[in-house]
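Dear colleague,

Here is the structure I said I would pass on. My notes on it follow below.

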Amino acid sequence: MDAFSLLDLSPIPEGKTARDAILNTVSLAQAADDAGYKRYWLAEHHNMPGIASAATSLVIAQVAAATKTIRVGAGGIMLPNHAPLVIAEQFGTLATLYPDRIDLGLGRAPGSDMATARALRRHMAPEDSFPQDVQELMGYLADGDDSAPVRAIPGQGMNVPVWILGSSMYGAQLAAYLGLPYAFASHFAPDLLEEALYAYRSTFQPSAVLDKPHAMLAAGVCVAPTKEEADFLRSSQILAFARLRTGKPGPLPKPVQDVASMIPAQVMQSVNHALLVSATGTPQVVHSRLEEIIKRYKPDEIMVTGMIHDHASRVRSFQLAADVLKDLVKP
């Protein structure tokens with residue numbers, strides 16, 4: 001593993017506003033820049049009362065403007081929601097403003113419920129055109145023909161690095177076929193991590209942008225000076241997941257002392273399984289757990305994420321995680 005990065009959903013804490021969430025995101029990105037994270041990615045979700053990164057390209061622009069060297073990108077853009085040309089223009093503009101600092105991760109899921117997906121797309125096509133849309137988008141960002149009938153301006157010739165994101169075999173196989181870097185969403189969907197990484201690595205076809213596989217996995221982290229504090233801070237994310245899975249999404253809850261007593265046992269079991277690829281506790285405990293994950297799956301890069309209600313505690317958690325990850329990086 002040669003690098004570590006950070007995924008942010010720009011959570012809206014209970015009692016705060018979307019503006020607070022975005023300002024917190026900018027502050028966290030600046031801390032991540034100073035702490036040595038390679039990338040800072042934001043995710044596209046819609047109609048979610050606890051997430052402020054719906055207009056992902058705009059938040060990326062804000063973060064890139066406020067940071068110095070960290071790469072900023074999408075983890076990811078849910079391409080079925082958009083015309084490839086629009087995304088090429090948006091990320092072409094970002095790459096024009098912030099050269100060699102913009103990443104474009106692409107996902108196949110809508111990132112929303114079906115009613116919201118219809119509101120976004122208006123006219124939903126029944127067929128799955130994701131592979132074709134990815135290639136069309138990459139074509140707009142490549143060195144192109146000035147006489148082409150449709151061009152992305154800005155965008156053409158920017159060659160923004162494109163990643164395929166996924167939580168199943170589909171994305172792994174597509175990334176391998178196209179010769180692109182691959183990121184697995186193991187921070188909330190761990191079941192197929194091992195199989196997907198194997199499929200990606202074993203069927204990878206070198207391309208103009210990548211000569212060998214480059215796989216990144218995502219892991220949840222919550223680090224604090226004591227186990228008790230880490231467990232307390234982590235309870236916000238556990239509650240948020242439980243409410244989402246029972247159809248009651250909302251702002252990121254305030255932490256509680258005994259989270260298990262507030263969640264039905266069956267739901268708690270499901271949440272714990274979803275958050276299996278994670279590390280919570282003191283720096284020493286988190287070091288041990290992340291080392292175990294890295295040894296097992298051998299990622300080229302790891303991306304950590306975690307939603308904590310108190311902003312200062314969240315920043316501290318990722319700073320402590322960076323110290324742990326620096327010790328685990330093996331160039």
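**Helix α8 and what surrounds it**

Just after α8, Gly-247 takes a positive phi of about 75°. Please keep in mind that this is a predicted model.

The helix α8 itself covers residues 227–245. With 19 residues, α8 reaches 26 Å from its first C-alpha to its last, close to the 27 Å expected at 1.5 Å a residue. There is nevertheless a kink of about 30° in α8, and the kink is centred on Ser-235.

The buried residues of α8 are Ala-230, Leu-233, Arg-234, Ser-235, Ser-236, Gln-237, Ile-238, Leu-239, Ala-240, Phe-241 and Ala-242. Their cover includes β7, α9 (265–274), β8 (278–281) and α11.

Ser-236 is one of these buried residues. Its relative accessible area is 0%, so Ser-236 counts as buried. Leaving out residues up to four places away in sequence, Ser-236 touches Leu-252, Pro-253, Lys-254, Pro-255, Met-307 and His-309.

**Helices α11 and α1**

Does the length of α11 agree or disagree with the span expected for its 18 residues? At 1.5 Å a residue, α11 (residues 311–328) should span 26 Å, and its end C-alpha atoms are 26 Å apart, so the two agree.

Buried in α11 are Ser-313, Arg-314, Val-315, Ser-317, Phe-318, Ala-321, Ala-322, Val-324, Leu-325 and Leu-328. Among the elements that cover them are β1 (3–8), α1, β7 (215–223), α8, α10 (283–297) and β9 (301–305). α8 and α11 thus appear in each other's cover.

Helix α1 covers residues 18–35 and contains Asn-24. Is Asn-24 buried or exposed? Its relative accessible area is 19%, and because buried means under 20%, Asn-24 is classed as buried. Apart from neighbours within four places in sequence, Asn-24 is in contact with Pro-13 and His-311.

**Strand β4 and its partners**

Strand β4 (residues 102–107) is mostly covered, with six of its six residues buried. Ile-102, Leu-104 and Leu-106 point one way from the strand, while Asp-103, Gly-105 and Gly-107 point the other way.

β4 runs parallel to strand β3 (residues 71–78), and six bridges join the two. In this pairing, Val-72 has Ile-102 of β4 as its bridge partner. Together with helix α3 (residues 84–97), β3 and β4 make a right-handed β-α-β unit.

β4 also pairs with strand β5 (residues 162–166), again in the parallel sense, over three bridges. Here Gly-105 stands opposite Trp-163 in β5.

**Nonpolar cores**

Which residues touch the most other members of the largest nonpolar core? Of its 75 residues, they are Tyr-37, Leu-104 and Leu-290. α11 gives the most to this core, with seven residues. A second, separate core has 11 residues, including Ile-238, Phe-241, Ala-242 and Val-267. Of these, Ile-238, Phe-241 and Ala-242 also appear among the buried residues of α8.

Tyr-37 touches Phe-4, Ser-5, Leu-6, Ala-32, Ile-70, Val-304, Phe-318, Ala-321 and Ala-322, not counting residues up to four places away in sequence. Among these contacts, Phe-318, Ala-321 and Ala-322 are buried residues of α11. Leu-104 is one of the buried residues of β4.

Regards

Note on methods. Residues are numbered from 1 along each chain as its sequence is written. This is a predicted model: local features need pLDDT of at least 70, side-chain atom pairs count only at pLDDT 80 or more; totals for chains, interfaces and linings use all residues. Side-chain values use heavy atoms; hydrogens and water are left out. Helices (H or I, at least four residues) and strands (E, at least two) are DSSP runs, numbered from the N terminus. Buried means under 20% relative accessible area, exposed over 50%, partly exposed in between (1.4 Å probe, protein chains only). Contact means heavy atoms within 4.5 Å. The expected span of a helix is 1.5 Å times one less than its number of residues. The bend at a residue is the angle between axes fitted to the seven residues ending there and the seven starting there. Two strands pair if DSSP finds at least two bridges between them. A crossover is right-handed if, with the strands pointing away from the viewer, the path from the first strand over the helix to the second runs clockwise. A nonpolar core is a set of buried Ala, Val, Leu, Ile, Met, Phe, Trp, Tyr and Cys residues joined through side-chain atoms within 4.5 Å.
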